[in-house]
Amino acid sequence: MIKFQGKKVLKIERDLKALPFDANNIEATVDEPHYARLVDLEDFENGTIEVKMYSQLQDPAPYPGIAGFIGVYFRIAKDDSGFEGIYVRPKVGRVSNQKHRNHAVQYISYPHAKFDMLRKSDPGKYESSAPVALNEWITMRIEVNGETAEMFVNDLKYSSFIVDKMLGKTQEREHWTVCGHRHYWLFQRSKSNKTHLENSKRHWRKGQRYLNNGLANSICKYYACLVNNLDHRSIKTSMPYIKHL
């Protein structure tokens, strides 16, 4: 946790010495289970995830096509063997080339449907444009319901992206996480739908341990967890080479 622009945030940065990118085969070193996982959210299957995130490029750039990708993985298998994910590439969100803009948002399903495979099998279906950019706060809200996931950015009324049929095959997927190269996070909420009200209350009570007292009166008890200021106890990384400072 660090102080950034006057706020207490979680900083996540990929350790390039331990896990470098392969510039000649970038597909092999992205869309992998490299993330920081939020604990005590084990019952998430359907519902709403909302985060506020800020993307910066690493300097020097680890490979020529770096785009500052940042996003959320959800329905993660307990052994990290599978997950769904939606992330953005802020560098291309407002460029003057429409073809590049159309790659600003990406859906993936690990391990069988990473971005490169989806571009070959279904060009354009699992990517879209979105008004995002580097070096500014982006609010991302993902509404997950069965096979559908819909993404909203920056409090816009209508969604920027929809996946009408997600491709995940593992049923026992529960957690949600954050991913990226060098990024800052404020966690807004995770709201569980279906008939999970009692589970949401239970996880809300657990989540209170990780909240600063000053935020307690902003908690809605029907949220599984609202964590604007996390401490290290509520975060764990999937791999030791992801640094959270």
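Student: Let's start with a pair of strands. In S10, what is the bridge partner of Ile142?

Tutor: Keep in mind that this model is predicted. Ile142 belongs to strand S9, residues 137–145, which pairs with strand S10, residues 148–153, in the antiparallel sense over six bridges. Look across from Ile142 into S10 and you land on its bridge partner, Met151.

Student: Which residue in the turn between S9 and S10 has a positive phi?

Tutor: S9 and S10 form a hairpin, with two residues between them. One turn residue has a positive phi of about 65°, and that's Gly146.

Student: Back to Met151: which residue in S11 does Met151 stand opposite?

Tutor: S10 also pairs with strand S11, residues 161–163. That pairing is antiparallel and runs over three bridges. Opposite Met151 in S11 you'll find Phe161.

Student: Zooming out, how many helices and strands are there in the protein?

Tutor: The hairpin strands S9 and S10 are just part of the picture. Counting through the protein gives three helices, and the strands come to 15.

Student: What share of the residues is buried?

Tutor: Here, buried means under 20% relative accessible area. The protein has 245 residues, and the buried ones make up 54%.

Student: And the largest pocket: how many charged residues are in its lining?

Tutor: About 410 Å³ of space lies in that pocket. Its lining has 20 residues, and the closest to the centre are Tyr63, Gly65, Ala67, Arg89 and Arg119. Sorted by class, the lining has 11 nonpolar and five polar residues, while the charged ones number four.

Conventions:
Residues numbered from 1 in each chain as written. Predicted model: local features only at pLDDT ≥ 70, side-chain atom pairs only at ≥ 80, totals over all residues. Heavy atoms only, no water. 1 Å grid on protein atoms, 1.4 Å probe; cavity = no way out; pocket = protein on both sides within 12 Å on 5 of 7 lines; lining within 4 Å. Points joined across faces, edges and corners; volume = space filled by probe spheres on them. Nonpolar A, V, L, I, M, F, W, Y, C, P; charged D, E, K, R; others polar. Pairing = 2+ DSSP bridges. Helix = DSSP H or I, 4+ residues; strand = E, 2+ residues; numbered from the N terminus. Buried < 20%, exposed > 50% of the residue type's maximum accessible area, 1.4 Å probe, protein only.
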